[in-house]
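Me: I'd like to practise reading chain contacts, helix packing and overall fold. Could you walk me through them?

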Amino acid sequence: MPPPSSLNAAKVARRWLTWLRQNPAALIGGALLTAFAVLALFGPLLTPFGIDQRVGPVYGAPSPAHPLGLDDSGVDMLSLLIAGTRISMLVGFAASMVSVLVGGFVGVTAGYVGGWVDTALMRITDYFIVIPALPLMIVVATVWAPSVVHMVLIIALLLWTSTARLIRAQVLALKERVSVRRARAIGAGHARIVLRHIVPDIVGLLVATTVLAVSVAVFFEAALSFLGLGDPATVSWGRLIQIAFERTAISSGAWWAIIPPGLCIALVVLGSSLLGTAIQHAANPKAGIAHVSSRTFRIRPVPEASRD
Amino acid sequence: MTESSPLLEASDLNVWFDLPDGGELHALRGVDLRVGSREKLGIVGESGCGKSTLLMTLMGLLPPSASASGSIRISGQEVLTGGERAFRIHRWKDIAVVFQGAMNALNPVMRIGRQITEVLELHDVATGPAAEARARDLVTLVGLPDDILRRYNHELSGGMRQRVSLAMALACEPQVLLADEPTTALDVMVAAQVLGVIDRLTRELDLALVLVTHDLPLVTRTCDRIQVMYAGKVVETGTPADVYHRSEHPYTRLLFAATADVHSGREELVSIAGSPPRLDEPVTGCAFLPRCPMAREECMTEAPQLLQVASGHAAACRFAGQKVRMS
Amino acid sequence: MDTHSVLELDSVVTSYRRSARDRNRRTRVVDRVSLSLRKGELLALIGESGSGKSTLAATALRLVTPDCGRVLFDGKDITHSSQRQLRGVRKRMQVVFQDPYEALPARSRVRQIIEEPLLVHGIGRSRAQRIRLVHQALERTGLSPAPLFADRFPHQLSGGQRQRVAIATSLVLDPEVLIADEPVSMLDVSARAGILTLLDDLRRDGNLGVLMITHDLSVAAHYADRIAVMYLGRIVEEGPARKVVAAPAHPYTRALLSVVPPKDPLIEVRAEPLPGEVPSFSSLPQGCRLVGRCPWAVGACVDTDPSLEPLGDGRSVACHRTGQLPARTISSRRHSHG
């Protein structure tokens with residue numbers, strides 16, 4: 001995106017809005033994520049019923065009062081869903097932010113310092129990449145007592161690697177830029193060069209990666225909860241699906257106990273993928289001008305006005 | 001040098017580019033051009049003057065955001081009004097182009113020979129052994145050894161790659177060759193070699209050559225005629241001697257005065273203050289006015305047409321041909 | 001050692017390892033180069049790509065450590081100084097790069113860009129004082145009124161203006177040496193003279209020594225006091241600009257001059273480029289590096305690499321056949337009024 005010509009807040013806002021307008025994918029993704037974020041923030045205030053409150057029969061069918069029916073304890077599904085949003089989104093965002101912070105730090109260090117530090121850090125990264133994520137998470141989750149914090153850490157443990165590689169590649173390229181060479185020639189120290197000349201140019205990439213990581217983090221949270229490794233005291237989408245499976249929702253025909261949480265997961269994954277990819281493209285300077293197109297240039301009639 | 005019928009002729013070319021926030025950039029504003037067999041026309045100007053856009057238009061290689069009007073005739077056949085379909089008939093077989101970064105556009109994972117035969121096959125010129133034989137002829141034509149056909153792009157130097165681009169451009173025996181800064185990215189000695197090849201081929205193959213560059217001394221040495229462009233228009237046209245010794249346009253004169261010359265001693269070089277006008281807004285009057293030492297009030301109202309000063313020499317300045325003092 | 005020089009390179013050799021595996025094979029990109037630059041002098045270093053000129057600049061700036069030889073700044077040997085010790089030198093020796101479009105950080109205003117060196121070196125006791133120095137530097141490079149330009153972002157400036165900002169950034173530290181690496185090759189012709197005249201004025205008024213690296217012999221001819229021509233890591237000819245251009249002694253220089261066309265179409269200078277291309281550093285011949293391309297090579301040229309010898313009139317040439325080359329077909333002026 002073009003650099004600012006003035007830091008007028010209104011102008012900046014307008015530029016972002018224009019970008020959103022031209023990128024429907026980003027708009028949809030952003031809307032989805034915002035909707036779920038709002039739900040997560042204001043969850044407790046929006047639940048029509050309590051999550052421990054029995055309001056009807058086991059697996060009661062959807063009705064006007066309970067649009068998503070009731071679960072195996074007679075609790076309103078919609079309330080459960082909204083409550084579950086909070087944990088799922090929290091874990092999703094927290095895990096992705098931690099992973100990007102760690103990965104970004106590793107990437108910048110490896111890329112900028114180079115030499116044996118780079119080799120060592122990249123070897124460690126490679127080891128983590130090679131290990132299959134879910135089995136490792138399962139092992140760690142089994143050893144550790146289940147809690148939300150642990151969940152965040154476990155997921156972040158395996159997400160940081162792709163960020164590290166991405167950032168390292170970008171830093172390597174930025175290091176060779178003339179503006180960085182110039183800074184060195186002026187005599188700027190490493191800290192200054194990294195903070196002022198390199199980091200500002202990877203912020204876009206970091207934001208994009210964070211958003212993209214949300215999709216993965218939410219999915220892994222659901223997976224872990226589904227396998228029963230999540231915090232049993234909390235409600236999350238994955239846990240809802242797990243409970244539904246365990247308590248024979250399918251054979252009871254209670255689709256409303258399984259599909260809504262699954263749908264929410266899918267929508268968050270979709271939303272963050274759309275928005276994250278759009279930001280990634282925007283952060284990529286000069287992402288290439290495609291001349292290959294089925295459309296061609298247009299012919300105009302000769303202008304009526306005298307030759308200018 | 002025959003002046004009988006031009007192989008390439010363009011009249012009143014106008015090109016507009018759509019801008020992302022709705023407006024238009026009027027990149028070419030009524031350009032004429034004419035080149036005949038064995039004739040070398042040099043188009044010279046600084047960045048933003050429209051010279052590369054002109055070449056792209058002549059080849060019909062404009063992006064979808066562009067619209068064009070005017071007339072382009074290749075060997076008498078109108079192509080512009082026919083759009084992409086008409087251009088495709090002529091492209092490469094009658095008119096071909098060598099780009100500035102052409103040497104970087106070669107396929108890195110294909111052998112040179114294969115890339116040339118591919119061009120021949122795509123345009124139904126030859127296939128199989130006949131194509132290979134022609135490829136061998138082409139590389140010999142540009143002064144490269146046979147074994148270049150087996151090499152890959154990265155094994156070649158810049159000069160060699162540019163010659164390969166030249167060979168590929170000449171594959172279908174076009175009559176018109178366009179060259180967009182063909183030597184700018186090369187070292188001066190290699191550039192001289194490549195220009196020598198282009199020069200020789202223009203004579204041997206009776207080509208019409210249009211050479212676009214920002215390098216003034218290069219066109220005065222190489223070309224038979226020069227067109228100087230500024231802000232999307234041709235501001236002066238004539239022979240190198242006309243344009244250097246008898247220039248009737250202040251921009252041309254200033255441009256020469258700003259050009260360094262190792263052979264002419266340590267005269268003071270001039271710089272032209274200011275920048276060319278923005279072409280996304282309409283230009284009233286002469287586009288060079290804000291930077292012109294001869295500017296008068298009359299220059300503000302009417303855009304000057306190309307005025308004939310002598311046979312074959314014209315300049316787009318209302319004072320062309322008159323004795324006016326430069327202030 | 002030249003006692004008047006502010007920057008001096010003495011038999012400098014800088015090499016790069018060819019590959020990570022090949023630790024013993026090093027290519028000498030700068031091979032025994034000696035140069036000296038005085039204050040108030042503009043020395044042009046001419047070389048094509050692959051001549052080693054950029055590495056030479058990096059060595060002089062001590063961004064790279066030479067293998068042998070010495071780099072002297074104002075008489076002091078800085079060849080093996082650590083980066084920390086060099087901070088003081090960095091204030092006094094500055095560089096301007098080729099690309100004005102990439103050299104300036106896009107997100108910073110001109111004011112911040114020019115202020116950065118002051119902050120790095122702790123110059124200026126208050127922000128107001130630093131801003132004053134920034135404005136002074138802007139005025140010196142012709143970007144006036146300074147406060148207006150200080151407020152702008154790089155993308156709002158033309159190429160020539162950006163290069164002036166880059167020069168101002170170097171000037172704000174009041175350096176004694178300025179190394180300009182192709183300062184105008186990416187600018188439009190109409191903007192070049194402005195930058196070159198600026199460099200010329202600066203070295204005169206500011207008692208600055210300017211080392212200008214360029215491939216453009218014409219630019220050097222107009223502005224340089226002395227010219228040094230580089231080929232494959234060696235200086236092959238050196239001397240006062242006027243003399244080198246009027247009567248080049250080395251075959252490479254001669255070829256370079258013939259290949260540059262004159263502006264005037266009526267002056268005929270036949271292009272006589274050397275055949276072939278510049279060989280790579282890995283296949284250096286034993287003797288003179290021009291062997292294989294030089295039309296006048298003889299046996300001695302194949303055997304021994306000629307060293308740079310003074311000709312007595314301020315020029316030096318590295319050629320075995322100095323004085324034996326046929327006279328140049330110098331431009332014949334044909335007057336024509338037709």
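Me: How many residues of chain C are in contact with chain B, and how many of chain B with chain C?

Reply: Happy to help, and keep in mind that this is a predicted model. An interface is read from both sides: 37 residues of chain C touch 34 residues of chain B. On the chain C side, helix H7 (189-205), helix H8 (217-223) and helix H10 (251-259) each supply at least two residues.

Me: Which helix of chain C gives the most to that side?

Reply: That is H7(C), with 7 residues. Next, look at the chemistry: the side of chain C that touches chain B has 22 nonpolar, 9 polar and 6 charged residues.

Me: Now helix packing. At what angle do H5 and H6 of chain B cross?

Reply: Start with the axes, then the angle between them. Helix H5 (residues 158-169) of chain B and helix H6 (residues 188-204) of chain B cross at roughly 20 degrees, and their axes come within 9 Å. Angles under 35 degrees count as roughly parallel, so H5(B) is roughly parallel to H6(B). The crossing of this pair is right-handed.

Me: Which residues make the contact between H5(B) and H6(B)?

Reply: From H5(B) come B:Gly158, B:Gly159, B:Gln162, B:Arg163 and B:Leu166, while H6(B) brings B:Val190, B:Gln193, B:Val194, B:Val197 and B:Ile198. Sorted by class, this contact holds 5 nonpolar, 4 polar and 1 charged residues.

Me: What are the angle and the axis distance for H8 and H9 of chain A?

Reply: Here helix H8 (residues 190-226) and helix H9 (residues 237-246) of chain A pack at about 35 degrees, and their axes are 7 Å apart. The handedness of the H8(A) and H9(A) crossing is right-handed. H8(A) contributes A:Glu221, A:Ala222, A:Ala223, A:Leu224, A:Ser225 and A:Phe226, and H9(A) contributes A:Trp237, A:Gly238, A:Arg239, A:Ile241 and A:Gln242. The contact of H8(A) with H9(A) has 6 nonpolar, 3 polar and 2 charged residues.

Me: Back to chain C as a whole. How many helices and strands does chain C have?

Reply: Chain C has 11 helices and 14 strands. For overall shape, compare the radius of gyration with what the globule rule gives: chain C comes to 21 Å, close to the 20 Å for 338 residues, so chain C is as compact as a globular protein of that length. The C-alpha trace of chain C spans about 65 × 65 × 40 Å along its principal axes.

Me: What share of the residues of chain C count as buried?

Reply: Of its 338 residues, 50% count as buried. As for sequence separation, among contacts in chain C between residues at least 6 apart in sequence, 64% join residues at least 24 apart.

Definitions and conventions:
Residues numbered from 1 in each chain as written. Chains lettered and ligands numbered in written order. Predicted model: local features only at pLDDT ≥ 70, side-chain atom pairs only at ≥ 80, totals over all residues. Axes fitted to C-alpha atoms, helices over the stretch in contact; angles between N-to-C directions. Helix = DSSP H or I, 4+ residues; strand = E, 2+ residues; numbered from the N terminus. Parallel < 35°, antiparallel > 145°, perpendicular 65-115°, else oblique. Left-handed = near helix turned anticlockwise from the far one by under 90°. Contact = placed C-beta atoms within 7 Å. Nonpolar A, V, L, I, M, F, W, Y, C, P; charged D, E, K, R; others polar. Rg over C-alpha atoms; globule rule 2.2 N^0.38 Å. Buried ≥ 20, exposed ≤ 12 C-beta atoms within 10 Å, placed from the backbone.
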